[in-house]
Amino acid sequence: MVIEATTKQVYASGVKPIWCPGCGDYGVFAAITKALTDLKVDKSNAVIVSGIGCSSAMPQTFGTYGIHSLHGRLLPVASGVKLANHDLTVIGTGGDGDGYGIGVGHLIHTARRNIDLTYIVMDNETYGLTTGQTSPTAIMGHKTKSTPFGAIEMPVSPLALAISAGATYVARGFSGDTVHLAELIKGAIQHKGFALVDVFSPCVTFNHDNTYEWFRPRIYKLDQSNHDPSNLGAAFEKAVEDSQTKWEKIPIGLFYKTDRPSYEELDITLKNGPLVKQAMPTKEQIMRMLEEHK
Amino acid sequence: MQANFMTSVTVRIAGANGDGVESSGALLMKLAAKNGMQAFGYRGYQSIIRGGHVWFQVRIGDSDERLRSHGNSIDVLIALNQDGIANQASHLSENAAVVYDPDKVKVDSLDSSKYRLVPVQMLEIAVRVSGDPIMRNTVAIGSAMKIIGIDFKIFESVITAMFSRKGNKIVENNIKAAKEGFDSVKFEKMHSIKSDGRQRYMLDGNTALAIGAYASGCNFYSAYPMTPASSILHWFAAHADRGVFFKQTEDEIAAINMAVGAANTGVRAMCGTSGGGFSLMVEGLGFAGMLEVPLVVVESQRTGPSTGLPTKTEQGDLLFVMHASQGEFPRIVVSPRSVEEAFYIGSEAFNLAERYQCPVIILMDLYISEHVETVDGFDIDAISIDRGKVATSNPESGKFKRYLYTEDGISPRSHPGTPGTEFVAPSDEHDEYGDLVSDALSGIDRYVEVRRKMMRKRMTKIDTMLKNEKIFVPSIYKEDSDFFLVTFGSTTEPAMEAAELLSGKGFKTGVISFSYLMPLDKDKVRKMLEGRKLIDVEVNYTAQLAQVIMMNTGIEIEKRVLEYDGEAVTGEGIAEKALPLLKEFSR
Ligand SMILES: Cc1ncc(C[n+]2csc(CCOP(=O)(O)OP(=O)(O)O)c2C)c(N)n1
Ligand code: SF4
Ligand SMILES: [Mg+2]
């Protein structure tokens, strides 16, 4: 146990998170730490990339490399990191507003590219950092400062969206169960391709509907229910079970997993190794490029 | 106004989209270049794939004189359809030769005493010789060669090289078709262009820029297609098998953010677009500024605002790229003045970006991006690589200070994968470690000071670059002149041509031109402009360069030649408008 404690500290930066006491994001921090520790990820080879939001404060809490980027732009930034050096372990950490609102276009395209990234979304069904407005995952009727009469839009189903866009590892966890969540994150890091881990991570300050207590009786684990994650049809069915059951039954666990070559494995340039390690062109090579235009 | 200081002939091929106008123009340029002449080509086109009215203008000139624009009036018109006559007649120079197919095109509207009408049965010859109607362009090119005075043997060698892979028959048919076109011209050549038998490079500004970037080790390009920047992405995509990586993204927001992620990881990364896409990139640009990431962004302007004239040129985004983004941070803005310079700037931009860890914006426009010209040579020994301050280990114990306060404002950067120099690059304001001073700490005295110091650290880089680099001043052409045209970027070369023409009219005129526009060495710029008789020449409505000069030096250039019709300026066009302004000075 002592050994484990010191190993965990390897990943901590010592920066105190900005989160409110009780915020779900602490659980996600613990789960990521456990996953990195268990997998013995080299600290200098890990890059944690976030967007903007309470949840996006994640990278600073780690002593790995990281980028705290723009609201909604986590995935293109993380893609740029991975495409420049695919020897790195790249993990995205952001919020539901960040990933399913302003940045949702990038989710679809990053998924279909199957870039080898792990993308963890702390889904609190609200905009925490901007003091509680409605979010793309807010359940209909949910009242916030921006929807005082209740949300009247259908929430997005991030899992169904990711599966249909071509993500090759799609999971959902709960920050109230960090051991289970850590296993899902480990699977995502080890998976070669684009992995989405959506996490119910309650905002104790601004979302008084979707609380730990609200989730607990509704949640059940897919790995205890005969779900076959290689079955696309079943995965879709499970992905929309929450809204289909009017949030009476909310599955968590691994919804879908399939093997498809990652972008880095298929790209003609990246096949030759990480870009950052490729040699500068020689004078002869430059001349040859110019000579094409004679 | 006729250009009489050099010999050149301007050929315009006009027809509909899908007629092969562009490939014919490119072939003609190739023939001239192979013949040891200078060539300059520009196409006028629209955003439709078939139909419409398109033209390709090729100017061919003496081997010993650089061509500085695509030429004003047409000396040889090849009209592939009736529109070719109707739309181009007003551009014909005196005595112009008009090549047309008498079976298809009527020329009654043209005064046959003023022009040399050259009927060539292009279609009939093409079908008879090859069975392929598209070969009529080849017939027309044959006729043009005779008029210009290009040796027919050149055609044989060029066509053989181009089509030998497709088989002998194709080559033979082309030669037969061109020869009949050549022989259809019943008079001797109308022009005597000097040739020196030398093989020149022939390329457009985007290609030159892309190869320059490649030469400096840029192997990452991300972009979303947008005219006139698209040919850069085409170049990168086409050379993926030679070590460059290209990613077509879902939008320009992704393009710039990917490039930022890549640049922060240690590759030389570039993204590119036109003004509309650049609008989407603006937040990412400030992000790069805050992260102090070496990023190169290409913005190739077209006629705005909004979607504007997508296939036409303008220099209307200068102030936009200089000021785009909230807040303040160092950036370098540079606008290449020629195809040749686009190559060197495409390469040097990365040294500057890495030396000063800031975005470098290369401001192109449709004219320089897309026009093709011959270049005598490239000096690749002039290309050097300077990656700036890179930390390969942590010099101190404890956490690495990625944003270390330094006197010159530049802190050593480190790349993921390097042990000991871990840091988080933040878009929020931060301390030397990169830790945020925004959310929980802003407003506390100690952190108010951190903000002040960090801001000063970043901004100090502007002083450092002004001190260390000699580039932030304009160049002067014909220094002993009485008058100067002041301009930037792609308008420079046409302005030089205009200066020659004006000097020929008795007004000794030079050119003061800017490639680097931000930052500027104010004192040097002021000294260069002060007390001189100046005319500002730009392709925009509001004289943006003049505004930049005013802002930096207090000097107001009141006389202006401003064009904003979307068409590329020429020396003759500028000279015509500048002449009355020059006369005002003398009064
Ligand atoms: C372009 C832009 N628009 C808006 C904002 C303001 N903003 C910051 S965080 C945020 C929403 C945060 O919600 P979410 O991503 O769900 O993160 P949470 O705080 O809930 O973890 C918004 C709208 C911004 N920073 N940038
Ligand atoms: S506002 Fe909500 S999401 Fe943000 S830190 Fe507090 S509890 Fe967490
Ligand atoms: Mg949220």
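Start with the surface of chain A: about 11,500 Å² is exposed, and carbon and sulfur atoms supply 57% of it. Those accessible areas come from the Shrake-Rupley method with a 1.4 Å probe, and for residues only the protein chains shown count as cover. Bear in mind that this is a predicted model, where local features need pLDDT of at least 70, side-chain atom pairs count only at pLDDT 80 or more, and totals for chains, interfaces and linings use all residues. Residues are numbered from 1 along each chain as its sequence is written, chains are lettered from A and ligands numbered from 1 in the order in which they are written, and side-chain values use heavy atoms, with hydrogens and water left out.

**The whole of chain A**

Switch to a cartoon of chain A and you will find 13 helices and eight strands (DSSP runs numbered from the N terminus: helices are H or I with at least four residues, strands are E with at least two). The radius of gyration of chain A is 20 Å, close to the 19 Å that the globule rule gives for 294 residues, so chain A is as compact as a globular protein of that length (taken over C-alpha atoms; the rule is 2.2 Å times the number of residues to the power 0.38). Its C-alpha trace spans about 70 × 45 × 40 Å along the principal axes. Of the 294 residues in chain A, 58% are buried (buried is under 20% relative accessible area, exposed over 50%, partly exposed in between, with a 1.4 Å probe and protein chains only).

**Helix H4**

Next, select residues 74–84 of chain A. Eleven of the eleven residues of helix H4 are buried, so this helix is largely enclosed by the rest of the structure. Among them are Leu74(A), Pro76(A) and Lys82(A).

**The magnesium ion**

Now centre on ligand 3. Which residues are the protein donors of the magnesium ion? They are Asp96(A) through OD, Asn124(A) through OD1 and Thr126(A) through O, lying 2.0 to 2.2 Å from the ion (donors are N, O and S atoms within 2.8 Å of the metal, or 3.2 Å for Na, K and Ca; water is not among the atoms, so sites may look incomplete). Asp96(A) sits in helix H5 and Asn124(A) in the loop between strand S4 and helix H7, 28 residues apart. Both Asp96(A) and Asn124(A) are buried.

**Over to chain B**

Finally, pick Thr374(B), in strand S14 (residues 372–375). Thr374(B) counts as buried, at 6% relative accessibility. Gly36(B) is 338 residues from Thr374(B) in sequence, yet their C-alpha atoms are 10.0 Å apart.
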